[in-house]
Amino acid sequence: MSLDEFKAACHSLSTDGPALIAAAADQDAWASVRNMLVGRTSGRLSSIMATLAKLPPDTRREAGQLANTVKVELERLLDEKQIALAAAAPSAVAFDRSMPARATWRGSLHPVTIVIDEIAAIFRELGFTIALGPEAESEWYNFTALNFPADHPAMELHDTLYLEGGGLLRTHTSPVQVRTLQKYAPPVRILAPGNVYRRDFFDATHSPMFAQIEGLAVDEGINFADLKATLTHFAHRFYGATRRTRFRPSFFPFTEPSAEMDVEVDLGDGRGLRWVEIMGCGLVHPAVLTGAGVDSERYTGWAFGMGPARIAQSRYGIPDCRVLFDSDVRFLGQFAV
Ligand code: DAH
């Protein structure tokens, strides 16, 4: 084989090729033209390339470059043609029955919602009903009626989000205690879930908005033993019957005595069981009962407040609360039930 014969073969391919490509009427014709021209095993270009080794060594470089130019041009024309054919195809053809179906998209409840529902279900069995209150509250319901002294630090601007024209965003769900007692005569047993707001930075353990669940039981003869028994029952139902619980003395203006309740929890961080605070609680302060119009000589009560996000974190071993706000379905989808 001489260089001239090689050139002639290239030349005929570069004149036949474009005509054949232009004539392809559909995708099938296009595929067979492509196979015939540049197909790897039996295409015309491949057979020309196969003769390269038989050329005199000093002509191979020029021959190779020529063949490559032809190849690049044919491939460019093939690409253009394929795009043109796809654009011209009737749309019915674009529906490909052989494509696998997309998986159906199943929504799921947010882990904090799951936890709130579970907590509510446990207390519902004990006769508690759900009570709701406004997120935009007055200073009186949020602080004064809950026995906060007028100079309490929680009321300061750097902790509480005040609204223009008076009022504030409630900093806890405890005002629902007062609203409920004003509306219903004891015996009262309510659970009040809802969002609360604080002037906090958004970090691994704080967010300016978060959910709380308030609980309140008011009746004749209620004492601290009722509180302990009920909350321990709750912890055993929620975390498991073998979990240990403990109450530590604490302080809240609206309860006396006040306590924090801890549960032994495995946070899944390899450190095993350890004490985690799950709520504040106490016997309702007589001043709160009286302020809400309840006879505090006749009635007593107990109350608690917990953060379901914290509880979700302790339940599912989530170290950073921000993932609960991120709306990342890869994370949230894990809780689909
Ligand atoms: N309101 C408290 C807070 O936001 C939580 C709380 C503690 C609520 C003790 C209660 C209670 O009802 O008795 O930190």
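Biologist: Why is β4 called mostly covered?

Modeller: Buried means under 20% relative accessible area, exposed over 50% and partly exposed in between, with a 1.4 Å probe and protein chains only. Eight of the 10 residues of β4 are buried, so the strand is described as mostly covered. The model is predicted: local features need pLDDT of at least 70, side-chain atom pairs count only at pLDDT 80 or more, and totals for chains, interfaces and linings use all residues. Residues are numbered from 1 along each chain as its sequence is written, and side-chain values use heavy atoms, leaving out hydrogens and water.

Biologist: What makes β4 a strand that pairs with β1?

Modeller: Strands (E, at least two residues) and helices (H or I, at least four) are DSSP runs, numbered from the N terminus. Two strands pair if DSSP finds at least two bridges between them. Two bridges join β1 to β4 (residues 188-197), so the criterion is met, and these strands run parallel. Across this pairing, T129 stands opposite I190 and I130 stands opposite L191.

Biologist: How do you know that β4 pairs with β5 as well?

Modeller: DSSP gives 10 bridges between β4 and β5, in the antiparallel sense; the requirement is at least two, therefore they pair. In this pairing R189 stands opposite A217 of β5.

Biologist: Why are β1 and β6 called edge strands?

Modeller: The open sheet has seven strands in the order β1-β4-β5-β9-β8-β7-β6, with mixed pairing. β1 (129-130) and β6 (245-252) each pair on one side only, and these are its edge strands.

Biologist: What makes helix α8 a helix that packs on the sheet?

Modeller: Contact means heavy atoms within 4.5 Å. Helix α8 (residues 175-183) touches β4, β5 (209-220), β8 (273-284) and β9 (299-306). Its direction makes about 140° with that of β4, where axes are lines fitted to C-alpha atoms, for helices over the stretch in contact, and angles run from 0 to 180 degrees between N-to-C directions.

Biologist: How do you know that the protein chain departs from a compact globule?

Modeller: The radius of gyration is taken over C-alpha atoms, and the globule rule is 2.2 Å times the number of residues to the power 0.38. For 337 residues a compact globule would have a value near 20 Å, but the protein chain has 38 Å. The C-alpha trace spans about 115 × 50 × 40 Å along its principal axes. Domain 1 (3-88) and domain 2 (111-335) divide the chain, with bounds from an automatic or database domain assignment; their C-alpha centres are separated by 77 Å.
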